[in-house]
Every structure is written in C-alpha cells, then in structure tokens.
Amino acid sequence: MDLEVRHLRVVCAIAEAKSLTRAAASLSLTQPGLSAQLRRIENMLGGSLFDRARGGAVPTAFGELVLARARAILPGVDALLADTARQQSDPGRVRVGSVGAPLLGHLVLAIREVLPDAEVTARCRYSSVPLLEDLAAGRLEAAVLGDHPERELPPTGGVVLTPLATEPVFALLPSAHPLAAQEEVGLEQLAREDWAVPRPDGDGTREYWSSACALADHRPSTPYEAEGRPLLELVRAGLAVSLCQATFTEVPGVAVRPLAGTPLRYRHVLAWRSDGPLAAHSEEVLRRTLAGYLDSCAASPAYAAWRRRNPAPCG
C-alpha cells in the first residue's frame with residue numbers, strides 16, 4: 001500500500017486530539033479501526049509515530065518529523081485541490097461518485113431525466129469516506145454512499161445527506177456450501193469458516209461486521225482481505241465466506257442467503273452538493289432513484305423472498 005494524503009490527515013488528527021479515541025470520533029471511525037490504520041501507516045513509514053503508553057497519544061521523535069512534513073504539505077495540497085475543483089467545475093457537467101451499491105445506474109438515469117443536457121460522468125470507490133471528501137471539496141456533484149447503524153456518515157458542510165433505504169446484510173457463500181441449502185443462515189454457523197473481509201479502514205464496514213460477530217460470541221478467521229471482484233472470486237472458489245448487501249446479484253458459483261435475526265444492516269445514502277445542479281431537483285431525483293432501487297429489490301431472489309416473509313422490511 002502506498003502512502004496517501006488521507007494517511008497524513010489521520011496522523012495530524014491524532015496529534016491534534018492527543019488521543020486515538022478522540023481522533024476516531026472526529027474522523028467518524030471506531031477506535032479499533034483507527035488503531036489499525038495507524039499501525040499500517042507506521043508500517044509504511046518504518047517507525048512508531050506515537051507513544052501511547054502514557055494515557056494519550058504523544059508523538060515520538062520520528063512522529064514529530066512526519067508531523068512537521070505533513071503540516072507543511074497539507075495546506076498546499078488543499079489549495080491545489082480547491083483550485084483544480086474550481087477549474088473543473090462546469091455547470092453543464094454532473095460528476096457522480098459511488099460505492100458498490102445498486103443505486104448508481106438509477107441515479108445517473110434520474111439525473112439525465114431532470115438535466116437532459118448535462119454531461120454525466122461517474123467513478124466508483126470502495127469506501128464512502130473519500131467520496132464524501134470529494135463532495136465537500138467540489139470534486140463531485142453527487143454520490144451514492146452507504147453506512148451502518150451507529151456508524152453514520154458525519155454531517156459535512158455544503159453536502160446534503162439523504163438516507164434512501166436501510167436493508168439487512170446477507171451472507172455470501174460458495175454455492176456448493178452446505179449452508180447454501182438453508183433458507184437463512186445464523187451468524188454463529190459461520191464461526192468456523194474462513195472469511196474474506198474488506199480492509200479495516202474507510203467506512204468501518206469490517207469493524208461493524210466484527211462487532212456483530214463478537215455479540216454472537218465468536219471471532220471469525222479472516223485470512224483474506226479483499227473487496228469487489230477479488231472477494232467474490234475467493235468465495236466462488238470455496239475458500240471463504242463473506243457478507244454482502246441484500247440486493248447483491250447472485251452469479252454462478254455463489255449463493256446469497258439472509259442472516260437469521262437480521263443482526264446487521266446497511267443504509268443507502270444519496271448525497272449532493274447544496275450549491276450544485278441537483279439541489280433544485282432533489283425530490284425528483286430521490287423519487288426516481290428510489291423507484292429504481294425497489295426494482296432492484298424485486299429482482300434479487302433472496303431479498304425478494306426475505307421481504308415477503310417480513311412485511312415491514314428495513315427499507
């Protein structure tokens with residue numbers, strides 16, 4: 001993994017807060033998730049940045065060196081990003097970002113309906129956090145985001161966050177797995193399986209999964225860290241199980257099954273700039289995107305069956 005600007009922001013946030021707990025709150029992360037990020041940053045840089053043995057987070061001599069460089073670099077980076085955002089701003093173009101969710105296509109179609117002359121572009125990321133940063137900086141006009149209960153995305157100046165739907169999180173299994181024959185799967189039944197999981201930073205998904213597993217009194221083995229297509233291929237090969245959105249489209253080799261008792265939930269969030277081209281059309285965009293999402297729900301056999309058994313679904 002290469003060092004990124006966001007890693008420098010994390011280091012500065014910890015130094016400013018003088019505590020991983022307070023820094024995690026300011027960054028809308030869990031404390032374990034921030035600790036994991038800091039360990040990876042320290043591994044990349046080759047030394048310890050903070051002394052955490054004295055009731056807080058005190059920079060080491062090496063950490064002071066990194067902080068001095070980071071504090072010198074970040075203002076220039078922020079100015080560059082602001083300048084490029086202004087240069088790239090075009091009233092005839094709508095730049096859309098998305099996490100892996102079924103809403104992107106529906107959102108783009110909705111934008112084309114309300115702004116037929118606009119050029120719409122899109123790019124995807126695995127985490128909502130950098131997309132929210134791009135919205136705040138003016139590098140995007142709208143985005144499909146997602147979060148989890150008690151790990152909601154933070155209010156961000158200039159950005160409107162609108163929850164669209166909340167749905168259960170389902171199990172993702174190899175199609176030949178014995179549990180795939182069941183109508184639903186208990187989280188505890190996955191305790192002895194190897195898991196493929198996302199990185200433990202970003203939007204806190206991995207930490208959220210871990211907390212639910214802890215409540216089920218087990219800590220799964222997680223030898224595989226992957227996202228997107230690589231994660232799917234690990235499951236398809238029979239090497240791991242994982243979790244997925246309820247609207248995930250089954251493909252040959254994998255099975256999607258509800259988790260018994262709905263221990264985990266995922267919230268779809270639409271976001272746009274309050275001063276952007278979608279602000280005046282937000283109600284229509286929301287209506288059209290929600291209609292498309294409901295079509296996706298009906299097209300997902302596992303989720304459609306779950307909704308029939310649960311007449312008051314999550315979303």
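**Exercise 1: two helices that cross**

Find the handedness with which α5 passes α9 in this predicted model, then describe how the two helices pack.

*Solution.* Start with the handedness: the crossing of α5 past α9 is right-handed. Next, take the geometry. Two packed helices are described by the angle between their axes and the distance between the axes. For α5 and α9 (residues 282–299), the angle is about 145° and the axes lie 8 Å apart. Now look at who meets whom. From α5 come H106, L107, A110, E113 and V114, and they meet E284, V285, R288, T289, G292, Y293 and S296 of α9. Sorted by type, the residues of this contact are five nonpolar, four polar and three charged.

**Exercise 2: the largest nonpolar core**

Work out which helix gives the most residues to the largest nonpolar core, and trace the contacts of V96.

*Solution.* Begin with the core itself, which has 39 residues; V96, I111, F170, L172 and L270 touch the most other members. Helix α5 (residues 104–114) gives the most to this core, six residues. Then turn to V96: beyond its neighbours within four places in sequence, its contacts include L104, L107 and I111, as well as V120 and L140. A second core, separate from this one, has 31 residues, among them V159 and L187.

**Exercise 3: the buried side of α8**

Which residues of helix α8 (residues 228–236) are buried, and why do they lie on the same side?

*Solution.* First, list the buried residues: L231, L232, L234 and V235. They span an arc of only 160° around the axis, so they sit on the same side of α8. Finally, see what they pack against: β6, β7, β8, β9 and β10.

How values were computed: Residues numbered from 1 in each chain as written. Predicted model: local features only at pLDDT ≥ 70, side-chain atom pairs only at ≥ 80, totals over all residues. Heavy atoms only, no water. Core = buried A, V, L, I, M, F, W, Y, C linked by side-chain atoms within 4.5 Å. Buried < 20%, exposed > 50% of the residue type's maximum accessible area, 1.4 Å probe, protein only. Helix = DSSP H or I, 4+ residues; strand = E, 2+ residues; numbered from the N terminus. Contact = heavy atoms within 4.5 Å. Axes fitted to C-alpha atoms, helices over the stretch in contact; angles between N-to-C directions. Left-handed = near helix turned anticlockwise from the far one by under 90°. Nonpolar A, V, L, I, M, F, W, Y, C, P; charged D, E, K, R; others polar. Arc of directions from axis to C-beta.
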